[in-house]
Amino acid sequence: MKILLLGANGQIGWELQRSLSPLGEIKACTGKEADLEDPNVLKLIIQNYQPEIIVNAAAYTAVDKAESEPEKAYSINTEAVSIMANEIKELDGLLIYYSTDYIFDGIKTTPYTEKDQPNPQSVYGKTKHQGEVIIKASGCNHIIFRTSWVYALRGTNFVKTMIKLGKEREELKVVNDQIGVPTSAELIADITALSLYKITQQENQPQKMVGTYHLTPMGETSWYSFAQFVFTEAEKHGEKLKVTPKKIIPITTSEYQITTNQKMAKRPANSRLDTKKILEKLGIHLPAWQAHVKQLIKDLCNS
């Protein structure tokens, strides 16, 4: 099986290089090797390699910056995805696409299901949703994984930022009115590989297994409670922090915007994604969100 991995140097892409390697031959391209803003380069890579599966871990993810760079976000998150979808359809292959909780407006009071109507409120969310729409309209075989609050040992993310700030400041103010589920890039990569294995092993109508799936661990938390958990775990591993869990102050999103004086993209207050479908259709059980966070903090503190 030939797999083309795009965005190999990102948080999810880095983990995918490991998780996908047992499944077949992988051509892993970084952003420099496969510039998604250059459609000719992207087409050439796909046509030359002739992959059976494209795994697109590349995306424009600078949520706030996208508000002032909508063309660039659209080019990477939508136009490049259109090329992938059309090319893989010609090859009768499979496209894996990672989407986001930002495609929803966040006003629902229960977790969003795959059948709920998207209503993105930010440029980032709109471009990721448009990517989904284009994939489905192309008629290519696809899996769309919607996920949220991604973190990893590699790159910049909430966990690493909290520990860094905890060493520098006496107290921290963290938003408490956004609810979601922290999701490890390692988990996303492992579930991707497991899903591909299950699909490719299906002799009868593997198309029944393709579609859109919500992929987050079990449970939920706020950014404030998430930060408290991070500091509690870091203390257990002997990390010397100025900020203790008791010195984290919960604030609202609007208070945070006033405090930082930043122009921010609108974020969904409710980012919870219902994950029943991935269990029912693919037979995949998901762990509690705390499990991977604990391991990451242990790795960070012992590195």
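**Salt bridges and a buried serine**

Q: What is the relative accessible area of Asp116?
A: Asp116 is classed as partly exposed, in a model that is predicted. Partly exposed residues fall between the limits of 20% and 50%. Asp116 belongs in that class because its relative accessible area is 21%.

Q: With which residue does Asp116 form a salt bridge?
A: A salt bridge requires a side-chain nitrogen of Lys or Arg within 4 Å of a carboxyl oxygen of Asp or Glu. Asp116 meets this rule, with the closest N and O atoms 2.5 Å apart. The partner is partly exposed, at a relative accessible area of 25%. That partner of Asp116 is Lys108.

Q: How many salt bridges does the rule give?
A: The bridge between Asp116 and Lys108 is one that satisfies the rule. When the rule is applied to the model, the count of salt bridges comes to 11.

Q: Which helix holds both Lys136 and Glu132?
A: Lys136 and Glu132 form a salt bridge, and their closest N and O atoms are 3.9 Å apart. Lys136 is partly exposed at 42%, whereas Glu132 is buried at 1% relative accessibility. The two residues are 4 apart in sequence and therefore separated by about one helical turn, within helix H4.

Q: How many residues apart in sequence are the parts tied together by Glu239 and Lys167?
A: The side chains of Glu239 and Lys167 meet in a salt bridge with an N to O distance of 2.8 Å. Glu239 lies in the loop between helix H7 and strand E12, and Lys167 in helix H5, so the pair ties together parts whose separation in sequence is 72 residues.

Q: Is Glu239 buried or exposed?
A: A residue is buried when its relative accessible area is under 20%. For Glu239 the value is 17%, while its partner Lys167 is partly exposed at 41%. Glu239 therefore counts as buried.

Q: Which residues are joined into one network by salt bridges that share partners?
A: Some salt bridges share partners and so link residues into a network. The residues joined in this way are Glu15, Arg18 and Asp190.

Q: Which residue offers the backbone oxygen that lies 3.0 Å from a polar atom of the side chain of Ser19?
A: Ser19 is placed in helix H1, which spans residues 11-20, and it counts as buried because its relative accessibility is 8%. Leaving aside residues up to four places away in sequence, Ser19 touches Ala189, Asp190 and Ala193. The backbone oxygen at 3.0 Å belongs to Ala189.

Note on methods:
Residues are numbered from 1 along each chain as its sequence is written. This is a predicted model: local features need pLDDT of at least 70, side-chain atom pairs count only at pLDDT 80 or more; totals for chains, interfaces and linings use all residues. Side-chain values use heavy atoms; hydrogens and water are left out. Buried means under 20% relative accessible area, exposed over 50%, partly exposed in between (1.4 Å probe, protein chains only). A polar contact is a pair of N or O atoms within 3.5 Å; within protein, one must be able to donate a hydrogen and the other to accept it, and residues adjacent in sequence count only if both atoms are side-chain atoms. Contact means heavy atoms within 4.5 Å.
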